[in-house]
Amino acid sequence: MQDSGNAGQIDYWNDTPGQRWVTHDTELDNLHAPVAERLLERAGLKPGDRVLDIGCGAGATCVAAASRVGRDGGVFGVDVSSPLLLRAARRIEAHGLSNVELAQADAQSHPFKSESFDVVIARFGMMFFSDPVAAFRNVSEALRPGAPMVFAAWAGAEFNPWFSIPKQVTETRVGTAPPSLPGAPGPMAFSDAPRVIALLAAAGLSDVSAERTDLELVLPGGAAAAARLAVYVGPAARILRIKEATQSDRKDVVEALVHAFEDYGTADEFRIPASVYLFSARAAAPELESTKHA
């Protein structure tokens with residue numbers, strides 16, 4: 001993998017956090033399934049399409065996209081995380097898919113073959129670049145002229161109790177952690193839709209748009225399962241790590257989260273409202289380039 005300004009994220013996703021996502025990938029795939037469904041609907045994949053999946057993680061979106069494009073199409077999934085890609089490879093093998101390829105690569109700088117894809121998708125895979133404009137530009141050059149890029153990103157924490165509740169509960173028990181800088185790589189990096197639209201335009205993409213969509217995140221096992229998951233991924237996990245919390249602290253946070261999540265489900269199922277942006281754009285077409293230089 002080439003050196004890039006994303007070294008911090010590469011280290012992060014190849015260390016304990018990446019392994020935790022592998023450990024909990026079944027729960028996370030269940031939780032994020034409604035987002036993936038909306039994303040793929042918006043992308044409008046067709047049989048025969050060649051799809052580039054950015055930040056493919058453990059491969060759930062690769063598998064779903066592969067079933068839509070069929071044997072005449074293909075999916076190329078890229079991620080910086082070796083643990084997640086190993087899990088993705090096992091998943092693809094289990095599904096018997098021959099139309100999916102994987103690569104450990106930083107999409108901000110990876111030398112993709114020019115104009116080789118019909119669609120770019122990303123389910124929460126675009127928010128971790130040190131230079132989003134460079135990343136968008138590099139990825140768009142892999143698209144055929146006029147082809148779409150569609151990706152999902154979280155709206156603000158104020159619209160997503162899955163983020164705001166664990167943060168508040170954890171800080172109450174172990175103290176506050178330094179806030180992330182606005183727009184810094186991370187889950188909420190693209191919560192400012194006008195900023196992201198401007199970044200996409202600066203990268204030379206056209207027909208840029210953002211639509212906020214509301215949905216529900218669903219997890220079997222009720223509030224208890226959600227509380228256990230929340231201390232390993234997301235803001236609670238970040239605060240516990242920074243504050244060097246003990247196992248006793250973690251247990252206290254889980255117990256408090258079970259109570260905080262009680263309004264969002266039964267003993268069997270957890271349902272919590274969520275809000276994401278679906279961003280869409282198109283790679284520059286030749287006629288647009290000629291207009292620019294006229």
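Helices here are DSSP runs of at least four residues, numbered from the N terminus. In this predicted model, Thr61 is found in one of these runs, helix H4. Thr61 is buried, because its relative accessible area of 4% falls under the 20% limit that the term requires. Leaving aside residues up to four places away in sequence, Thr61 touches Ala36, Asp53, Cys56 and Arg123.

Helix H4, which spans residues 60–69, also lies on the path of the chain from strand S1 to strand S2, and this β-α-β crossover is right-handed. Strand S1, made up of residues 50–54, is mostly covered, with 4 of its 5 residues buried. Leu52 has partners on two strands, since it stands opposite Phe76 in S2 and opposite Val120 in S4.

The pairings of the strands are set out below.

| Strands | Sense | Bridges |
|---|---|---|
| S1 (residues 50–54) and S2 (residues 74–79) | parallel | 5 bridges |
| S1 and S4 (residues 119–123) | parallel | 3 bridges |
| S4 and S5 | parallel | 4 bridges |
| S5 and S7 (residues 269–282) | antiparallel | 7 bridges |

Strand S5 covers residues 148–154, and 7 of its 7 residues are buried, so the strand is largely enclosed by the rest of the structure. In a regular strand the side chains alternate between the two faces of the sheet. In S5, Pro148, Val150, Ala152 and Trp154 point one way, while Met149, Phe151 and Ala153 point the other way, and all of them are buried. Val150 can be followed to both neighbouring pairings, for it stands opposite Ile121 on the S4 side, and its bridge partner in S7 is Ser280. Between S4 and S5 the chain passes through helix H6, residues 132–140, in a β-α-β crossover that is right-handed.

A further part of the picture concerns two helices that pack against each other. Helix H7, residues 161–174, and helix H11, residues 247–260, pack at an angle of about 135 degrees, with their axes 10 Å apart. Because an angle over 145 degrees would be needed to count as roughly antiparallel, and 65 to 115 degrees as roughly perpendicular, H7 is described as oblique to H11. The crossing in which H7 passes H11 is right-handed. On the H7 side the residues that meet the other helix are Ile165, Pro166, Val169, Thr170, Arg173 and Val174, and on the H11 side they are Asp249, Asp252, Val253, Ala256, Leu257 and Ala260.

Terms used
Residues numbered from 1 in each chain as written. Predicted model: local features only at pLDDT ≥ 70, side-chain atom pairs only at ≥ 80, totals over all residues. Heavy atoms only, no water. Buried < 20%, exposed > 50% of the residue type's maximum accessible area, 1.4 Å probe, protein only. Pairing = 2+ DSSP bridges. Right-handed = clockwise from strand over helix to strand, strands pointing away. Contact = heavy atoms within 4.5 Å. Axes fitted to C-alpha atoms, helices over the stretch in contact; angles between N-to-C directions. Parallel < 35°, antiparallel > 145°, perpendicular 65-115°, else oblique. Left-handed = near helix turned anticlockwise from the far one by under 90°.
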